[in-house]
Amino acid sequence: MDTQQINAPSRATSRLPGRVTGSGVRHVRARHTSRFTVVGNHLAQHGELSLTAIGLAVHIQSLPDGARISIKTLADRFPESEARIAAALRELEAHRYLERTRVRLPGGRLVTRTVAYDAPGAAAAPRTPPAAEPAPRPEDRPAPEPVTVRPPSAPPRPPLPQPQAAGPERHRVAADLLAGLRRDDPRLLLGEDDVRRLAPTVAAWLERDAHPDAVRHALTAALPDRLRQPAGLLAHRLTALLPPPLPAAAPTSTRDPFQTCDACDRAFRAPEPGHCRDCRSDLPEAA
């Protein structure tokens, strides 16, 4: 009798129970009993918010009341830049997940009060008791709510300079220059997105006849000891230190220079010294 052959399966079987339904995501659910936050699908699957704004909203919803969520605090906590976090906060304000108001304290100091909504436009709990109730005694009053002090609103950053004319070769030199800055200082390691964003600005410098070595020196000289956002520093320097265009070259004169006649000392134009027209004997006399 022939021995029955048992062949191994052509591919490894899935470790997840159930039928494989395709290449889409498949969830392995777990029931949370502590340290969890309920997030609505209106936020998690929002069709207009950026992924950064959605993630930031989820983080804010997980925080206790009184937690600080200033731009600097969030930038210290996450790898995103202050500019990207500020843009995400503005998105959440525009879609009514966040409300920030400026309040002047009795001492004259300006502070920012922030209200975060689990759902857009949800009613906030009243902060003061009804008027009919007696005012609480000083010893019964709750501790003041922690506030985050923000500096006065800074003017918007100017746009990055752009070249006047397209130049593929100039753009390539600019991108190579930015990518190679880490050879001068390892802290100047840029991602591909930052190189693509800043390359046109470097090309604007090159368009104004700035030598690549001069551009590299302007970007790497006197770097601060603490360099957390190299792309932001480079964008500032490329904008603030942009050289002006070279002035137009003075037109070259095509007229002969003035000479002094060797015979009568009269001034006349000629390519070389000699005699003026009246003193030259080699010219025919007028009839």
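## From a partly exposed phenylalanine to the nonpolar cores

Phe-36 has a relative accessible area of 47%, and it therefore counts as partly exposed. In this predicted model, Phe-36 lies in the segment that precedes helix α1, which spans residues 41-44. Although Phe-36 and Ser-62 are 26 residues apart along the chain, their C-alpha atoms are separated by 7.7 Å.

The chain as a whole contains eight helices and four strands, and, read from the N terminus, these elements follow the order α-α-α-α-β-β-α-α-α-α-β-β. Of its 287 residues, 23% count as buried. The exposed surface of the chain comes to about 22,200 Å², of which 53% is supplied by carbon and sulfur atoms. Among the contacts with a separation of 6 or more, 52% are made by residues 24 or more positions apart.

Three residues, set side by side below, illustrate where individual side chains sit in relation to the surface.

| Residue | Relative accessibility | Class |
|---|---|---|
| Phe-36 | 47% | partly exposed |
| Thr-201 | 0% | buried |
| Phe-258 | 57% | exposed |

Phe-258 belongs to strand β3, which covers residues 258-260, and, with 57% relative accessibility, it is classed as exposed because the cut-off for that class is over 50%. Beyond its neighbours within four places in sequence, Phe-258 is in contact with Ala-267, Phe-268 and Arg-269. Phe-258 and Pro-271, which are 13 residues apart in sequence, have C-alpha atoms 8.3 Å apart in space.

Thr-201, by contrast, is part of helix α6, and at 0% relative accessibility it counts as buried. When neighbours within four places in sequence are left aside, the residues in contact with Thr-201 are Leu-160, Pro-161, Gln-162 and Leu-238.

Helix α6 also leads to the largest nonpolar core, since seven residues, the largest share of this core, come from α6. In soluble globular proteins, nonpolar side chains tend to be buried together. The largest core of this chain has 25 residues, and those touching the most other members are Leu-178, Leu-181, Val-202, Val-215, Leu-219 and Leu-234. Two or more residues are given to this core by each of α5 (168-179), α6 (192-207), α7 (212-220) and α8 (230-240). Leu-219, looked at beyond its neighbours within four places in sequence, is in contact with Leu-177, Leu-178, Leu-181, Leu-188, Leu-234, Arg-237 and Leu-238. A second core, separate from the one just described, has 18 residues, including Ile-54, Ala-57, Ala-88 and Leu-89.

How do two of the helices that contribute to the largest core lie against each other? Two packed helices are described by the angle between their axes and the distance between the axes. For α7 and α8, the axes come within 9 Å and cross at roughly 125 degrees, which makes α7 oblique to α8. The crossing of these two helices, α7 and α8, is right-handed. In the contact between them, Ala-218, Leu-219 and Thr-220 of α7 meet Leu-234, Arg-237 and Leu-238 of α8.

The buried residues of α8 are Pro-230, Ala-231, Leu-233, Leu-234, Ala-235, Arg-237 and Leu-238, and these buried residues pack against both α6 and α7. Leu-238 of α8 is thus met again from two directions, being in contact with Thr-201 and also with Leu-219.

Note on methods: Residues numbered from 1 in each chain as written. Predicted model: local features only at pLDDT ≥ 70, side-chain atom pairs only at ≥ 80, totals over all residues. Heavy atoms only, no water. Buried < 20%, exposed > 50% of the residue type's maximum accessible area, 1.4 Å probe, protein only. Contact = heavy atoms within 4.5 Å. Areas by Shrake-Rupley, 256 points an atom, 1.4 Å probe, with all protein chains shown as cover. Core = buried A, V, L, I, M, F, W, Y, C linked by side-chain atoms within 4.5 Å. Axes fitted to C-alpha atoms, helices over the stretch in contact; angles between N-to-C directions. Parallel < 35°, antiparallel > 145°, perpendicular 65-115°, else oblique. Left-handed = near helix turned anticlockwise from the far one by under 90°.
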